[in-house]
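This report is for a reader who has not seen the structure before. Please look over the sequence and the model first, then read on.

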Amino acid sequence: MEEKVLSVDEQVIPINYEEQQEEFEFSEYDTLDNVNLQIVDTSNINDCGYSYANLGSDTLYNDRLSIDESSKSNKEFEDAEIDNYSSDDDDIAQNTDLLREQSAADHDYVSHGGSLMYRNYALEAGFDVRLGTLRTSTLCVIMKRHLFYNREGKPNTGKVDTLDIQHNKPKRRKDSFRVDCKAKIVLKIIPGTVKYVVHNFTEKHSHALFSKETIHLSRAKRKLDYAQESFIHNMSKQNIGATKAHKFYTGITGFHSDRGLVSDFKNSTRNLNYFIGGWDSKFLVDKMNERKKYVPNFTFQYRVVDKKLNTFFWADETAKFNYNAFGDVVSLDATFNTNRYNMVFVSLTGIDNHKKCVTFGAGLLSKEDYDSYSWLVKAFLKIFTKPPILILSDQDPTLTKAIKEFIPTTQHRLCMWLITKKLPKKISIEISTNPEFCNRFHGLIWNSKIEPQAFEAGWECLLRDFNITNNKWLNATYGLRRLWIPTFFTDIPMSGLMRTTSLSESQNWSFQNNTLSDLYLVIFMMSFETNLERQRHNQIFNDFKTSNTFPKIIKHLPYEVHASKVYTHTIFYEVHEEILKYEETCFQKCVSSEDGVDTITILEKKNIITRQTKKEIGNETVQEYHYDRILKDTEFKVTHSTVEDTFVCSCMNFEHVGLLCRHNFCVFKYYSRVEIPSQYILKRWRRDVILTELLKRRFSDSGYDLHTDKYAIEIFSIVDNCVSSLSHDPEKLQACLDDHHKLKKKYIDDCPSNELPTRDTYYKNLLKVTIPDVVDIENPSDIRTKVLAVEGKY
């Protein structure tokens with residue numbers, strides 16, 4: 001047969017099918033210490049034990065990872081038979097220079113143009129193509145490539161041996177599609193060039209081909225493009241699997257797309273996971289290092305132990321601004337089942353100026369032990385420098401020890417909800433459901449207005465009245481009273497801001513509920529960032545609402561109007577409640593003056609109001625009780641320094657939550673004040689504490705990413721606007737479609753073949769990573785961490 005030359009100047013890329021590993025002794029590596037990390041070359045070995053170059057170098061047209069072959073072994077994944085083909089010395093010498101000039105494009109078969117030509121021909125004729133035998137020279141130059149009809153080969157009838165122990169093993173039912181069809185094309189290199197000729201071509205098929213009505217179900221037609229791959233990936237970041245993602249996609253497009261069945265969507269997720277494989281931890285660390293170059297003030301710390309990623313902590317510039325503004329009280333909460341390695345996800349959370357959850361930073365720990373928590377606390381201090389006034393957490397003794405040792409100036413407080421929710425399990429059902437017991441119990445522990453002596457006396461009386469003085473858990477909990485009862489925190493600034501970890505629990509539960517539990521770390525990080533961007537968008541919306549709406553004012557007092565202008569709406573309504581209460585319950589009793597200090601005695605009438613708040617966290621309900629007053633009329637003294645113009649109330653509400661109390665407003669009326677003194681308007685409660693520009697910053701890893709995201713979003717927006725505006729006019733819509741076909745032809749169909757993206761390129765763009773030359777950080781081991789070890793201790 002006459003050989004036809006394909007005029008395609010393609011660059012041939014050698015593939016390394018051999019795996020080389022060098023053994024090194026690794027020391028522990030920690031970014032918090034100045035220790036040099038020793039390097040090991042694992043030659044890009046992934047979780048499955050062989051080089052991903054064998055898999056990922058196929059282009060969009062490669063059928064190597066089809067759904068029908070998903071259950072094959074590692075050897076069976078390789079469609080192409082690899083031979084070291086020894087050609088003449090002259091041929092090798094002629095191709096040596098060509099090999100040096102080859103680019104880094106990941107094509108694993110000869111002459112992309114030749115293959116593409118045959119595949120286009122196959123689509124027109126109605127059949128699929130499968131890669132066949134590949135022959136290379138000793139210099140890895142591809143000498144010959146076979147492309148078969150994908151139904152080539154004989155069906156595997158299998159053998160049966162009842163003595164074989166594998167005989168009764170359940171097997172997946174799999175339909176056979178091979179019919180020994182001989183249709184194929186063989187491409188052969190022209191020595192001394194990178195051009196190829198059609199060496200052999202068999203046109204005849206042994207069976208019927210696809211019809212025009214069903215050609216869209218062929219593998220070539222079902223190949224997913226980058227937009228679909230990106231859609232599946234973005235859905236996975238919202239805890240939406242491949243099956244539901246396919247339903248959403250068909251719902252959005254309005255029909256079952258020609259590209260992609262449910263199985264193809266599942267394969268996309270599998271292929272992406274396979275691409276990550278053993279590079280997961282390395283991807284994550286390299287991604288963070290790359291981000292430090294382009295994202296202002298981004299910081300992360302990590303530790304490697306025995307070559308494996310052990311701990312990780314990060315925070316960006318916006319998180320640091322949030323911490324500087326709202327980091328006086330921090331809730332530290334651990335969450336499980338967020339990644340495939342069972343690493344513990346630990347978030348550091350506070351309350352912003354809208355009384356909403358705001359995340360300062362997050363970490364991943366291999367274990368919940370003293371060593372891991374100590375490292376986390378040190379990493380936190382290195383990034384944020386200034387320690388918080390108070391940290392709220394669960395009863396983990398290792399965390400308590402780490403906080404006490406490394407942040408001795410910070411007060412540690414236990415979450416009241418995590419303690420009180422154990423009550424029904426620790427006492428009898430009759431007592432725990434008794435209304436009188438519940439009212440007295442919660443009236444004691446939640447009331448910050450009573451004195452410590454009154455709390456202790458009331459506790460003893462309560463246990464004695466219900467005959468539970470010998471209950472071990474109640475006695476142990478009482479022994480920890482200085483770590484969780486509000487009345488013992490009256491001398492700590494902002495101690496009333498947060499008494500439970502309910503906000504962080506709720507945030508973490510929401511994050512966990514929107515995250516698949518078996519994610520790789522690099523995808524987990526992207527899911528976390530998506531949730532963090534949603535949180536910051538809510539901050540922007542709350543700021544926008546505060547700036548563009550007006551709260552309802554009832555009394556129209558001067559300081560009431562002033563408060564509405566300086567505080568966010570949420571905080572204003574809390575201040576407004578205090579203003580209303582002072583007119584209803586507070587009376588000025590007497591005034592005394594001495595040395596420039598006025599002492600005003602305010603009598604507050606008996607007004608016991610118990611407000612119970614509930615928050616759903618998963619399947620549990622968090623309850624908090626707010627007791628406004630004690631059982632009798634009470635006198636409070638407000639001292640006013642006429643020299644320094646200060647107001648201090650004995651109830652210490654301003655010290656506890658940063659807001660003036662009703663007694664102060666009663667005194668303001670006495671002094672005819674028209675505005676709240678500026679020193680009593682904390683910055684953390686003001687409007688626009690964090691610039692919108694900071695909150696709008698997205699998580700990008702390079703300047704290129706910033707521009708590509710911007711351009712892609714703008715293109716999608718323009719196309720959507722065109723479709724929406726022209727949907728009523730079919731002729732104009734058709735003209736718009738024709739124009740888009742012209743653009744597609746210009747930028748894709750007429751694009752040089754060596755510029756077409758490969759599957760590796762797609763995945764690298766999705767994850768925003770680069771393939772590492774050396775894997776010096778391995779994935780963590782699958783470690784089962786303890787749940788609360790203190791469950792039975794406290």
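What follows covers salt bridges, one helix with its start, and a patch on the surface.

The model is predicted, and the values below are computed from it.

**Salt bridges**

The structure holds 20 salt bridges. Three of these pairs are set out in the table.

| Pair | N to O separation |
|---|---|
| Asp 180 and Lys 182 | 3.2 Å |
| Asp 264 and Arg 222 | 2.9 Å |
| Arg 662 and Glu 578 | 3.0 Å |

The pair Asp 180 and Lys 182 forms a salt bridge with its closest N and O atoms 3.2 Å apart. Asp 180 is partly exposed, as its relative accessible area is 24%. Lys 182 has a relative accessibility of 53% and therefore counts as exposed, the cut-off for that class being over 50%.

In the second pair, the side chains of Asp 264 and Arg 222 meet at 2.9 Å, N to O. This pair links distant parts of the chain: Asp 264 belongs to helix H7 (residues 262-276) and Arg 222 to helix H4 (residues 219-222), and the two are 42 residues apart. Asp 264 has a relative accessible area of 12%, so it is buried. Arg 222 is buried too, also with a relative accessible area of 12%. Buried here means under 20% relative accessible area.

The third salt bridge joins Arg 662 to Glu 578, and its closest N and O atoms are 3.0 Å apart. Because Arg 662 lies in helix H23 (residues 662-670) and Glu 578 in helix H21 (residues 569-585), the pair ties together parts that are 84 residues apart in sequence. Arg 662 and Glu 578 are both buried. Elsewhere, Lys 282, Asp 286 and Asp 776 are joined into one network by salt bridges that share partners.

**Helix H15 and its start**

Helix H15 spans residues 435-445. At the start of H15, a side-chain oxygen of Asn 434 comes to within 2.9 Å of the backbone nitrogen of Glu 436. Which residues of H15 are buried? They include Phe 437, Phe 441 and His 442, and further along Gly 443, Leu 444 and Ile 445 are buried as well.

**A nonpolar patch**

Leu 743, Tyr 747 and Ile 748 make up a nonpolar patch on the surface. Together, these three residues have about 320 Å² of accessible area. Tyr 747 is part of helix H26, which covers residues 730-749. Is Tyr 747 buried or exposed? With a relative accessibility of 56%, Tyr 747 counts as exposed, because exposed means over 50%.

Conventions: Residues numbered from 1 in each chain as written. Predicted model: local features only at pLDDT ≥ 70, side-chain atom pairs only at ≥ 80, totals over all residues. Heavy atoms only, no water. Patch = residues over 30% accessible without salt bridge, like charges linked within 9 Å, V, L, I, M, F, W, Y side chains within 5 Å. Areas by Shrake-Rupley, 256 points an atom, 1.4 Å probe, with all protein chains shown as cover. Salt bridge = Lys/Arg side-chain N within 4 Å of Asp/Glu carboxyl O. Helix = DSSP H or I, 4+ residues; strand = E, 2+ residues; numbered from the N terminus. Buried < 20%, exposed > 50% of the residue type's maximum accessible area, 1.4 Å probe, protein only. Polar contact = N/O pair within 3.5 Å; in protein donor to acceptor, adjacent residues only side chain to side chain.
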